Amino acid sequence: MIDPPRVELWAILPVLILFGGALIALLGAAFARRAAQAPFVLFTLAVLAAAAASALWLWDREPVTVLGGMASVDRLAVVATLVLCGIGALGAYLGFHYFEEDEFRRNEFYALLLFALGGMALLVAAADLIIVFLAIEVLSLSLYVLTALTFRRGPTEAAMKYFLMGAFASAFLLYGVAMSYGAAATTSIQGLARALTGTTGSQPLAVIAALLLVVGLGFKVSLVPFHMWTPDVYQGAPSPVTAFMSAATKAAVFVALVRVLDVAFVAQQWDLAPAIAALSAVSMVVGSVLAIAQRDVKRMLAYSSVAQAGFILSAFVQPGRDGIAAALFYVITYGAAVLGAFGVVMLISGGIREQTGFDRFRGLIRTQPVLAVLLTIFLLSLAGIPPTAGFVAKVLVFGAATSAGYWPLVLIGALASVAGAFFYLRIVALMAMRDPQGEDAADRAPLPRLVLAVPAAMIVVLGIVPGVIVPLLQEAGVLTW
C-alpha cells in the first residue's frame with residue numbers, strides 16, 4: 001500500500017495568500033471594470049502585507065521539504081518572498097498612479113501582478129524541477145498579458161515578441177528537466193543532489209541538463225545570448241510593468257538558479273563554473289557596450305539590465321554561503337535602483353504618453369530638482385559608484401568570484417563597470433549641465449516622489465552600512481536538506 005504524501009499547506013502559505021488574493025482581485029475586476037482603482041490597490045497592498053507576514057512566520061521553522069518534496073521551507077525562500085512582496089507593493093502603487101491617467105480602467109493590473117508574484121513566490125520555494133517549470137510558466141503568462149495591458153500597438157508587439165521568445169525558452173527548460181530525470185531518475189532538487197554526489201547518476205548527462213536549465217532560466221533574466229527580447233519589451237511595456245518585471249523577475253529567477261546550481265547540481269559546480277563565467281562575462285560586456293549606443297532611456301535601462309544580470313551571475317562561480325549572500329545583496333540593491341529609475345522615468349515621460357527619449361531629461365535639475373536627485377541616486381547605484389549600495393554589491397560579487405580564482409572575470413567586470421558608468425553618468429550630465437528643451441510635462445504629484453524616496457533611502461543606507469542585512473543574507477544562504 002502506498003502512503004499518500006502529507007498535505008502541509010502551512011509551508012506555502014505566502015503562495016496561497018498571493019494566489020487567493022489574485023483570484024479575488026480578478027473577480028472584482030471582472031464585475032467592476034470601470035470602478036475606481038483605489039479599492040483594488042488597497043486590497044493588493046493588504047494581500048502583500050499578509051503574504052510578507054506569513055513569510056516572516058516561517059523564518060524560525062526548521063528547513064524542510066514538504067508536499068512530497070515539491071516545496072521547501074527555508075530562509076532563502078523567506079528572504080526572497082519578502083523581497084518580492086516589497087517590489088510588488090512599489091509596483092502596485094506605480095501602476096495605480098500610471099493607470100489613473102488612462103481613460104480605460106485597468107483594474108486587471110492588480111490581479112495579474114498578484115498572479116505573477118504568486119508564481120515567483122512558488123518559484124523561490126520550489127524543491128522540484130517540475131515546480132520550477134510550472135512556476136516559470138505562471139509568472140511568464142502574467143507578464144505577457146501585463147506587457148500588452150494598454151492594448152496599444154507598441155505594447156502588443158512587445159508582448160507578442162516576449163511570448164514567442166518565452167515559448168522558445170520554455171522548451172529548453174523542459175528539455176533540461178527531462179535530461180535531469182535521465183541523469184538521476186528524479187526531478188527532485190534534493191534527489192538530484194544525492195544521486196549526482198554519489199555514484200547512481202550520469203555525470204555527463206547531468207552537466208548537459210544543468211546547461212539546458214541555465215539557458216531556460218537565463219532567458220528570463222536576460223543573459224546574453226538570450227537577451228534579444230529585452231529592449232523591445234522594456235520599451236514597449238507600460239513603465240510600471242517594466243519596473244516590476246525587471247526587478248521581481250530577476251529576484252525570483254536568480255533564487256531558482258541558486259537552488260539549481262548550488263544544490264541540485266552541486267557535484268558538477270566546478271565543471272559548470274567555466275560556462276557560468278563565460279555567460280557572465282559576455283553579458284557584462286555586450287550589455288554595457290550596447291547600452292552606450294541607445295538614445296532612449298528605457299532601452300538604455302534594458303541593455304543595462306543585461307549587464308546587471310552578468311554581474312549577478314559572476315557570484316555563482318563561488319559555491320556556498322558567500323556566493324549566495326553576494327548574489328542576494330546584488331538582487332536586492334538592483335531591484336530598488338531599477339524600480340526607482342523606472343518610477344522616475346514614468347513621472348517624467350508624461351505618463352501613458354511614454355516619451356522616453358534623452359531630450360526629456362535635459363535640464364531636469366532646474367525644472368524637477370527632486371526627481372533629478374532621485375534619478376541620480378538610482379543611476380549612481382546601478383553604475384556601482386560609492387557610497388551607494390550598488391558599489392557594495394559589486395564589491396561582494398567580485399569578491400566571491402576572486403575567492404573562486406576567477407580574477408579574469410573580475411577584470412572584465414571592472415572594465416564593463418567603467419563602460420557602464422559612462423552611459424549612466426551621461427543622463428546625470430544631461431540633467432545637470434544642459435538647458436531644458438520643450439514643455440515640462442512631468443507629473444507634479446507629491447506622493448509618488450515620497451514613495452520613490454523609500455528605495456532611494458534604502459540604497460544610501462545599504463551603501464553606508466551594508467552590515468544591516470549582509471549577516472541576515474548569509475543566514476539565508478544556508479540550505480539544509
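Helices are DSSP runs of H or I with at least four residues, numbered from the N terminus. That numbering is used throughout for this predicted model. Helix 3 gives the most residues to the lining of the largest pocket, namely six.

The overall architecture comes first. The protein has 19 helices and two strands. Its C-alpha atoms fill a box of roughly 70 × 55 × 40 Å along the principal axes. The radius of gyration is 21 Å, which agrees with the value near 23 Å for a compact globule of 481 residues. Of the 481 residues, 61% count as buried. Contacts across the sequence are frequent in the count: among contacts with a separation of 6 or more, 80% join residues 24 or more positions apart.

The largest pocket has a volume of about 410 Å³. Its lining comprises 18 residues. Closest to the centre are Leu-82, Val-83, Gly-86, Ile-332 and Met-458. Four elements give two or more residues each: helix 3, helix 13 (321-348), helix 18 (446-464) and helix 19 (470-476). The pocket lining divides into 16 nonpolar residues, two polar residues and no charged ones.

Enclosed spaces were also counted. The model contains seven cavities of 30 Å³ or more. The largest cavity has a volume of about 110 Å³. It is lined by 14 residues. Ala-11, Pro-14, Leu-58, Ala-77 and Thr-81 lie nearest its centre. Helix 1 (13-31), strand 2 (71-73) and helix 3 (75-99) each supply at least two lining residues. Helix 3 again appears here, giving the most to the lining of the largest cavity with three residues. By residue class, this lining holds eleven nonpolar residues, two polar residues and one charged residue.

The second largest cavity has a volume of about 70 Å³. Its lining consists of Leu-261, Gln-269, Trp-270, Leu-272, Ala-273, Ile-276, Phe-316, Val-317 and Pro-319. Helix 11 (residues 269-292) gives the most, with five residues. Eight of the lining residues are nonpolar and one is polar, while no charged residue takes part.

Charged side chains pair elsewhere in the model. The structure holds five salt bridges. One of them joins the side chains of Asp-60 and Arg-75, at 3.5 Å from N to O. Asp-60 sits in the loop between helix 2 (38-57) and strand 1 (64-66), whereas Arg-75 belongs to helix 3. The two residues are 15 positions apart, and the pair links distant parts of the chain. Asp-60 is exposed, with a relative accessible area of 68%. Arg-75 is partly exposed, at 24%.

A second salt bridge connects the side chains of Asp-74 and Arg-259, at 3.0 Å from N to O. Asp-74 lies in the loop between strand 2 and helix 3, and Arg-259 lies in helix 10 (residues 239-264), so this pair ties together parts that are 185 residues apart in sequence. Both partners fall under the 20% cut-off for buried residues. Asp-74 has 5% relative accessibility and therefore counts as buried. Arg-259 has 1% relative accessibility and likewise counts as buried.

A further salt bridge brings together the side chains of Asp-232 and Arg-299, at 3.0 Å from N to O. Asp-232 is in helix 9 (residues 230-236) and Arg-299 is in helix 12 (residues 297-314), so the pair ties together parts that are 67 residues apart in sequence. Asp-232 counts as partly exposed, at 26% relative accessibility. Arg-299 is buried, with a relative accessible area of 19%. The pairing also extends to a third residue: Lys-161, Asp-232 and Arg-299 are linked in a network of salt bridges.

Methods. Residues numbered from 1 in each chain as written. Heavy atoms only, no water. 1 Å grid on protein atoms, 1.4 Å probe; cavity = no way out; pocket = protein on both sides within 12 Å on 5 of 7 lines; lining within 4 Å. Points joined across faces, edges and corners; volume = space filled by probe spheres on them. Nonpolar A, V, L, I, M, F, W, Y, C, P; charged D, E, K, R; others polar. Salt bridge = Lys/Arg side-chain N within 4 Å of Asp/Glu carboxyl O. Buried < 20%, exposed > 50% of the residue type's maximum accessible area, 1.4 Å probe, protein only. Rg over C-alpha atoms; globule rule 2.2 N^0.38 Å. Contact = heavy atoms within 4.5 Å.
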